[in-house]
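Visitor: I should like to learn how the interface between two domains of one chain is read. Please take me through an example.

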Amino acid sequence: MAAPRQTALERQYSLLGLMLIAPTVLVFCAVIVYPLVSAIYLSLFSVFTPTLQGGWVGLENYRSLLGSGEFWVSLRNNLVWTAGTLALQVLFGVGMALVLHQNLWFRSLARSLILFPYFVSTVVAVLVWKWVFNDLYGILNHVMMAAGIIDWPVDYLGTMPNAMISIILVGAWKYFPFVVIAVLARLQTIPEPLYEAARIDGAGPVARFFDITLPQLREVLVVIVLLRAIWDFKEFDLIYLMTGGGPVIATQTLPLLVYKEAFALNRMGMAAAYAVVMMAIMLVFMVLYIRRTRERRP
Amino acid sequence: MTAIRRVLFNLFAWTVVLAVAFPLFWMIVTSVKPQSELFRRPPTFLPETVTFEHYWTLLTRTGFLDYFRNSVILSVATTLTVVAIATLGAYSLVRFRYRGRESLAFLVLFTYLLPSVVLIIPLYLMLVTLGVSNTIFSLVIAYTTFALPYALWLLRSFMAGIPEDLESAALVDGASRMGAFRDIILPQLLPGIISTALFTFILSWNEYLYALVLVNSDAARPLTTGVMSMLISAFNIEWSLLMAASVMMSVPLIVAFAFLQSYLTSGFGAGGVKG
Amino acid sequence: MADVEFRKVRKAWGAVVAVDDLDLAIEAGEFVSLLGPSGCGKTTTLRMLAGLDFPSAGEILIGGRRVNDLPPAQRDIAMVFQSYALYPHMTVAENIAYPLKKRGVPRGERGPRVAKVAEMLQLGPLLDRRPRQLSGGQQQRVALGRALVRDPRVFLLDEPLSNLDAKLRGHMRAELVELHRRLGRTMVYVTHDQLEAMTMSDRIAILEGGRLQQFAPPQAVYAAPANRFVAGFIGTPSMNLIDGELAAGPAGPEFRAPGLALAVGPLAAGTQPGPACLGLRPEHLSFGTGPLAGTVQLVEETGHEAIIAVTLGEGGPRLVGRSPAGLALRVGGQVRLALNGPAAHLFAPGPTGRRLNAPSPSGAVAAAAAGDQP
C-alpha cells in the first residue's frame with residue numbers, strides 16, 4: 001500500500017518498480033488476461049471453427065452443456081483420473097522419498113533415475129508406454145503371461161476399465177517424482193534430535209514415522225496434494241496421447257472435451273463454455289492453494 | 001542397521017528404482033534392436049545385435065532434424081524472452097512498493113495454475129487474426145502464457161531468498177537501484193536464473209497441446225507433434241524408429257541432468273512447494 | 001550546527017507507527033547511540049537516516065542539507081549492517097573497494113586506499129578470500145573496512161557487534177571507541193545493549209514505542225533518568241521501582257508504600273500529591289544496619305559483591321540491592337537495611353511517567369559535567 005504522502009525518492013523508486021514490471025504486465029494482458037476474458041465472452045456465442053463465423057446465443061451453450069450426458073461423463077472421468085493418479089503419486093512418492101532419504105548405495109544415481117520420468121516429455125513417456133502396453137509384442141503382456149498371471153494377451157488401452165487404470169498408472173509413474181523431491185527436501189529439514197528423543201522414549205521405527213515424520217510432513221503434503229490436484233485435473237497431453245479419450249469416451253476428461261468441441265466438432269463457442277465451466281471447478285482448488293501459500297508468508 | 005538388513009534394504013530399494021526406470025531402459029534397448037529381433041518371442045532383454053540403423057533412418061529419411069531445429073529455436077527463444085522479462089518483473093515484485101503490487105503477485109500465481117485449454121481457443125483466434133499462425137513465432141507467444149507465470153513465480157522465490165541488506169549496502173555504498181541490481185542482485189540470482197531457464201526450456205521442449213493446435217506445417221512443427229505425426233502417418237508403426245526418436249528427443253534433458261542436477265532440484269523446491 | 005538532525009520525523013507502516021514525532025540533533029563528531037528494546041524504532045530511525053526507509057512526515061538533515069529526497073548514494077554516509085551484508089561473490093578486497101568504484105575513484109587509486117584500510121583493520125592477509133571463508137569477527141572487520149575506506153561525513157552502525165561472542169565484543173567496543181577518536185566523525189550507533197551504549201557514546205538517545213524518551217550523556221541517563229521507562233531500562237540489576245503514594249509529610253513531601261515512608265527532595269513545579277513511583281538504584285540500599293527490616297529472598301554472590309533481594313515487612317515491596325561480598329546472609333532470614341533517600345528518583349504513574357523530583361546532587365553534578373562535553 002502506498003503511503004498517503006511519499007517522498008520524491010519513494011515516488012522515483014515506485015516509478016522504477018512500475019517500469020520494471022511493465023513488460024510483464026503488457027505480456028500478461030496480451031496473452032493471458034485478454035484471452036481469458038474473451039474465452040468467457042466467446043462462450044456466449046456459437047462459432048463455427050473453420051470460418052470463425054457465428055452469432056450470439058447467450059447462456060444457451062451453458063444450458064445445453066449441463067443437460068448433455070457427455071459433460072457429466074467427462075467430469076466423472078476427470079474426477080476418477082485425478083483422484084486415482086493423485087493418490088498413487090502421493091503414496092508412492094512419500095514411500096520413495098523415505099527410501100531415498102536412507103543411506104542407499106549410489107543414492108544420487110537412484111535419485112536421478114527416479115527424477116527422470118518427471119522431466120521426460122509426455123510424448124516420449126506415452127510412446128514408450130504404448131510400446132510396453134502393445135498387445136502383441138509388448139513386454140508387459142509377455143512378462144505377465146510368463147509369470148502365469150494372465151493366460152491371454154490383455155488389451156490395456158482399448159477396453160474398460162483397463163484404459164482408465166492404465167492412464168492412472170502412467171500418470172502416477174510420470175508425476176510421482178514431483179512428490180519425491182518435495183517430500184525429500186522437507187525430510188532433510190526435520191531435526192535429527194527429534195528422532196533421538198523419540199528413540200530414547202522407546203519409539204520404534206513405525207511409531208517414529210507416525211509420531212514425528214508424518215506430522216512434520218503434514219504441511220508440505222497439503223500443498224503438494226493441492227498443487228498436483230490442480231495439475232492432474234487439467235492434464236491433457238498424457239490422456240489425449242494414450243487413449244484419445246477412448247474407448248469411445250470412457251477416458252475422456254474435460255480438457256479433452258474442450259479440445260474435441262473446438263477442433264474436431266468445430267464448435268468454438270461450446271468449447272469455450274466447457275473451458276469456463278472447467279475453470280470454475282478448478283477455482284476451488286486454486287483458491288485453497290493460493291490461500292495456503294499466502295498464509296505462510298508473514 | 002545390521003549388514004544383512006542393509007543389503008536387503010538396498011536390494012529392495014534398487015529393485016523399485018529399476019522398475020521405475022525400466023520403461024526408459026526399454027526405450028533405449030528397443031531403439032538399438034534390429035527390426036527382426038524386435039518381434040521375436042520371447043523378447044530379448046538385452047539386444048543380441050546392436051544397430052544404429054534406426055537412428056540413421058531417423059536423421060536421413062524423416063523430418064526429425066527439422067523438428068529438432070524448430071524445437072531448439074522455439075525453446076531457446078521462449079526461454080530467453082521469458083527469463084529476461086521475468087527477472088526484471090520478479091525484482092520489481094519483491095523489492096519495490098507500489099499500488100497494485102499485491103494484486104499482481106496474486107494474478108501471477110493464478111495464471112501459474114490456469115489450464116492451457118482455457119486460453120487456447122482465444123489464443124488460436126488471436127493468432128489467426130494476426131496472421132502469424134503456423135509459425136514458430138506464434139508458438140513462442142503461446143508458450144509465454146504458461147512459461148512467464150512459471151518463471152516469475154520461480155524467480156520471485158529465488159529473489160526473496162537474497163538478503164535485502166545486500167542491496168541496502170550497495171545503495172549506501174553509492175550504487176543506484178539498477179546499479180545494485182546489476183552489481184549485487186544479478187550475480188546472487190544467477191543460480192536461480194539458471195534453474196529457471198532450465199525449467200522453462202524443459203517446459204517448452206516438452207509442450208504438446210499448443211503445438212498441436214497452432215502449427216500444422218512441417219516447417220514450424222516442433223519435436224513433440226513432429227514425432228507423434230510420425231506415429232500416425234506411418235502405415236505400420238516402426239517402434240524402433242519411434243524409440244530412437246524418443247531417445248534423441250531426450251538427449252538435451254539427459255545433458256541437463258548430468259551437469260545441472262542441483263539447479264533442477266533447487267528450482268523444484270522454489271516453484272512448487274515453498275510457495 | 002548540528003551534523004545530523006531529525007525534525008518532527010514520523011514513520012508509519014499502514015496503521016503501525018514505528019517512529020513518532022522524533023526531534024533529534026546530533027553534533028558534528030559526536031558518537032550517539034540509539035538505544036532501546038527491539039521494536040522501539042531505533043533501526044527504522046537509522047534506516048531513514050540512510051535513505052533506506054522513507055519518513056511519512058518530517059525532515060531529516062545531514063550537514064544542514066535536507067536529505068529526504070536524496071538517495072543513499074548522495075547522502076555522504078557509510079553504514080555497517082548487523083548482518084554485515086558483505087557481497088558474497090566478491091573478494092574482501094573487492095568488497096572494500098566497491099564504494100570507491102561506485103564513486104568513480106580511478107582504479108589505480110583504489111588499491112592503495114584498500115591497502116591502507118586493510119592495514120588499519122589487520123585484514124591484509126585476507127584480501128583475496130571470499131566472505132564465507134572468514135570468521136564472524138573477520139567479516140565484521142571487512143564490513144567496517146567497507147565503511148571506512150571512503151571518509152564519509154556520517155557513519156551509521158546497526159548493531160554491528162551483536163553477532164560476535166562476548167569476548168570479541170568487548171574487544172571491538174574498545175576498538176570502535178578508538179576509531180571514533182581517531183577519525184573524529186559523527187557516528188550513529190544502534191544497539192539494544194545498554195553496556196555498549198553506556199561505554200561508547202557521547203550521548204544516548206533512548207527510544208521506546210517509537211518515541212524518544214531521553215537524549216543525554218550516559219552519566220546523565222544513569223543518574224537522572226527522565227522518566228520511569230529510562231529508569232527501569234538503564235542499569236543492571238535494574239532500578240527498584242515501587243508504586244505508591246506521594247503525600248505531604250511532617251517535614252515536606254513524603255513517598256509512602258506498604259512498609260515504607262521516605263522523605264523526598266525538592267519536587268518539580270506543579271507536582272500534586274497522588275499516585276507516584278519511587279525509583280532507587282541497587283547501590284543506594286545498604287545492608288546490616290538501618291531503620292528498615294526485610295526478609296532475604298535471594299542472595300547472588302558474584303565474587304566482588306552480592307546482589308541481594310529482600311521484601312520489606314509483611315507483603316511489602318521487593319527490593320534489590322548490592323552489597324560488598326562477605327556479608328553473611330541467609331535466605332529467609334531477617335536483615336536490617338537503610339535507603340539512601342536523597343538519591344531516590346520519583347516518577348509520575350504509568351510506564352513512561354515523567355520525573356517528578358530534581359536529580360540528587362551527585363547525579364546533577366555528573367550530568368552537568370557531561371553536558372559541557374560535546
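Visitor: How much area is buried between domain 1 of chain B and domain 2 of chain B, and what share do carbon and sulfur atoms give?

Guide: One begins with the buried area and its atomic make-up. In this predicted model, about 600 Å² is buried between domain 1 of chain B and domain 2 of chain B, and carbon and sulfur atoms give 72% of that area. On the side of domain 1 of chain B, the residues losing the most area to domain 2 of chain B are M27(B), S31(B) and Q35(B), which together make up 63% of what that side buries.

Visitor: Which stretches of chain B are these domains, and how many residues are in contact?

Guide: Domain 1 of chain B covers 3-51, and domain 2 covers 63-273. Their centres, taken over C-alpha atoms, are separated by 33 Å. Seven residues of domain 1 of chain B are in contact with seven residues of domain 2 of chain B.

Visitor: How many salt bridges and polar contacts are found between domain 1 of chain B and domain 2 of chain B?

Guide: Specific pairings are counted next. The rule finds zero salt bridges across this interface. The count of residue pairs in polar contact, with both residues at pLDDT 80 or more, is also zero.

Visitor: Which helices supply the side of domain 1 of chain B that touches domain 2 of chain B?

Guide: Both α1 (3-31) and α2 (35-38) of chain B supply at least two residues each to that side. α1(B) gives the most, with four residues. By class, the residues of that side are three nonpolar, three polar and one charged.

Key: Residues numbered from 1 in each chain as written. Chains lettered and ligands numbered in written order. Predicted model: local features only at pLDDT ≥ 70, side-chain atom pairs only at ≥ 80, totals over all residues. Heavy atoms only, no water. Domains from an automatic or database assignment. Contact = heavy atoms within 4.5 Å. Buried area = accessible area lost by both parts, 1.4 Å probe. Salt bridge = Lys/Arg side-chain N within 4 Å of Asp/Glu carboxyl O. Polar contact = N/O pair within 3.5 Å; in protein donor to acceptor, adjacent residues only side chain to side chain. Nonpolar A, V, L, I, M, F, W, Y, C, P; charged D, E, K, R; others polar.
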